[in-house]
Amino acid sequence: MFLDFFLLLRQHALPVTLPEYLTLLSALRSNVGSTTIEDFYYLSKTTLIKHEQHLDLYDRLFGEYVTGKQSEQVTNLPEVPPDWLINTLENRLTREEWEAIEAEGGLDALWQQFRELLNEQDERHEGGNRWIGAGGSSPFGNSGIISSPEGFNLNPGDKEPSTGSRRATKIWEDRAYKNLDDNVELNTRNLKMALRRLRILTREGVDDELDINGTIDSTSRNAGLLDIQLQPSRRNQVKVLMLFDVGGSMDEHIDLCSQLFSAARYQFKHLEFLYFHNCVYETLWKDNQRRRDRVPTWEVLHKYTKDYKVIFVGDAAMSPYEITSVKGSIEHYNEEAGLIWLDRFKTQYPHLVWLNPSIADYWKYTQSTKLIRAWSGNRMFPLTLNGLEQAMKSLKNPKVVYTP
């Protein structure tokens with residue numbers, strides 16, 4: 001039962017397990033709740049999904065599964081109208097409506113018309129006045145306007161008839177968890193949660209915190225006489241240097257980069273940040289109003305030691321000459337190519353990633369983006385929840401790379 005649903009979730013890499021599937025079956029056999037499709041939606045979601053970032057994908061797959069099952073059911077229609085349809089129509093149609101149906105050949109002719117129309121239709125349909133679907137004015141459908149008495153509503157299981165002109169979207173189609181998807185762009189809260197993965201907690205300094213486990217162990221070894229043990233407090237000692245690309249094509253990503261900056265300042269005690277435009281050259285600047293408070297790049301490389309984690313933030317969208325050529329910059333005559341300066345950063349900082357706010361599927365169409373990806377050793381990550389989490393893992397372990 002519902003094995004195809006379980007396999008569909010697994011096929012799309014949702015981490016559902018066999019014990020959870022068996023728990024779902026056990027709940028269904030125990031008649032937990034009622035037997036409507038919405039009850040099954042809530043029950044299966046509660047049983048199978050463990051993390052909020054998977055809720056949106058689950059909703060999409062559930063909709064796909066239900067749509068497929070409904071299509072499978074209606075394409076195997078009997079030759080004559082089923083009893084439930086006849087009984088429903090008898091209870092809901094007025095005498096005038098019955099007479100109108102009889103004038104068109106009766107219920108059998110109407111049923112045959114429905115079967116023929118269904119065989120012609122090969123996709124889901126909403127609105128309109130011909131196809132079987134929702135929200136339209138076809139003689140057949142659900143949650144629409146039945147504009148002719150020579151039709152019927154595809155809503156046999158409901159206690160009340162369809163009222164027409166109502167929103168037909170199901171709960172799982174509302175996409176209520178869209179913002180929690182691990183592939184959507186981030187907000188400040190999700191950024192903070194993802195950046196936490198980089199926290200490296202160490203104990204350094206004065207012994208000012210009670211060591212409970214040490215105290216219990218020492219007291220036990222001291223024949224029960226209290227022997228209090230202290231230890232240094234755990235502090236996040238990770239050091240982060242962030243370099244933001246500003247201006248030009250990055251203007252459309254200002255809000256997202258501002259959220260990233262805000263989250264990073266909240267998360268990291270030791271955070272330094274600088275700005276550049278398109279590519280790194282001989283100077284950087286401290287103020288995002290470009291060309292102000294410039295700092296020699298050599299000074300940056302000497303000031304911040306190799307224990308810093310370096311995060312570049314930019315869309316890597318520029319002329320390839322700005323990366324590979326002397327005097328390739330659009331702002332000044334750079335005496336050394338941008339790639340030389342990037343290599344110096346990579347040599348100085350083994351823990352380095354590049355965060356790209358543009359859509360990952362588009363990277364392959366921009367030559368400069370491909371150059372930066374190659375330079376970073378495929379440690380360019382998209383600014384999505386999943387991408388940022390992978391980037392934080394890469395800063396701990398440079399072997400972690402991104403493959404779109």
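How many helices and strands does the protein have? There are 15 helices and 12 strands, and keep in mind that this is a predicted model. Of the 404 residues in the protein, 42% are buried. Looking at contacts between residues at least 6 apart in sequence, 64% join residues at least 24 apart. The rest of this report zooms in on helix 3 and its neighbours.

**Helix 2 against helix 3**

Two packed helices are described by the angle between their axes and the distance between the axes. Here, helix 2 (residues 18-29) packs with helix 3 at an angle of about 145°, and the axes are 9 Å apart. The crossing of this pair is right-handed. On the helix 2 side, the residues involved are Glu-20, Tyr-21, Thr-23, Leu-24, Ala-27 and Leu-28; helix 3 meets them with Phe-40, Leu-43, Ser-44, Thr-47 and Leu-48. Sorted by class, that contact has seven nonpolar, three polar and one charged residues.

**Two hydroxyl residues on helix 3**

Let's start with Thr-47, which sits in helix 3 (residues 37-48). Is Thr-47 buried or exposed? Thr-47 counts as buried because its relative accessibility is 18%, and the cut-off for buried is under 20%. A polar atom of the Thr-47 side chain lies 2.7 Å from the backbone oxygen of Leu-43. Not counting residues up to four places away in sequence, Thr-47 touches Glu-20, Thr-23 and Leu-24.

Ser-44 is also placed in helix 3. With 0% relative accessibility, Ser-44 counts as buried. Which side chain makes a polar contact with the side chain of Ser-44? That partner is Tyr-58, at 2.3 Å. The Ser-44 side chain also has a polar atom 3.1 Å from the backbone oxygen of Tyr-41. Leaving aside neighbours within four places in sequence, Ser-44 is in contact with Phe-5, Leu-24, Ile-49, Tyr-58 and Phe-62.

Here are the polar distances side by side:

| Side chain | Partner | Distance |
|---|---|---|
| Thr-47 | Leu-43 backbone oxygen | 2.7 Å |
| Ser-44 | Tyr-41 backbone oxygen | 3.1 Å |
| Ser-44 | Tyr-58 side chain | 2.3 Å |

**The aromatic side of things**

Now for the rings. The count comes to 25 aromatic pairs. One of these is Phe-5 with Tyr-58, an edge-to-face pair with 6.2 Å centre to centre and 70° between the planes. Phe-5 belongs to helix 1 (residues 3-11) and Tyr-58 to helix 4 (residues 55-74), so this pair ties together parts that are 53 residues apart in sequence. Phe-5 counts as buried at 1% relative accessibility, and Tyr-58 counts as buried at 0%.

What about Phe-40 and Phe-62: how far apart are the centres of their rings? The ring centres are 5.9 Å apart and the planes are at 35°, so the pair is tilted. With Phe-40 in helix 3 and Phe-62 in helix 4, the pair ties together parts that are 22 residues apart in sequence. Phe-40 and Phe-62 are both buried.

Which residues form the aromatic cluster? Phe-5, Phe-40, Tyr-41, Tyr-42, Tyr-58, Phe-62 and Tyr-65 form one cluster.

**Back to Ser-44**

It's worth tying the two halves together at Ser-44. Among the contacts of Ser-44 are Phe-5, Tyr-58 and Phe-62, and these three residues are members of the aromatic cluster. Ser-44 is also one of the helix 3 residues that meet helix 2.

Notes. Residues are numbered from 1 along each chain as its sequence is written. This is a predicted model: local features need pLDDT of at least 70, side-chain atom pairs count only at pLDDT 80 or more; totals for chains, interfaces and linings use all residues. Side-chain values use heavy atoms; hydrogens and water are left out. Helices (H or I, at least four residues) and strands (E, at least two) are DSSP runs, numbered from the N terminus. Buried means under 20% relative accessible area, exposed over 50%, partly exposed in between (1.4 Å probe, protein chains only). A polar contact is a pair of N or O atoms within 3.5 Å; within protein, one must be able to donate a hydrogen and the other to accept it, and residues adjacent in sequence count only if both atoms are side-chain atoms. Contact means heavy atoms within 4.5 Å. Axes are lines fitted to C-alpha atoms, for helices over the stretch in contact, and angles run from 0 to 180 degrees between N-to-C directions. A crossing is left-handed if the near helix is turned anticlockwise from the far one by less than a right angle, and right-handed if clockwise. Ala, Val, Leu, Ile, Met, Phe, Trp, Tyr, Cys and Pro count as nonpolar, Asp, Glu, Lys and Arg as charged, and the others, Gly among them, as polar. Rings of Phe, Tyr and Trp (its six-membered ring) pair if their centres lie within 6.5 Å; planes under 30 degrees apart count as stacked, over 60 as edge-to-face and the rest as tilted.
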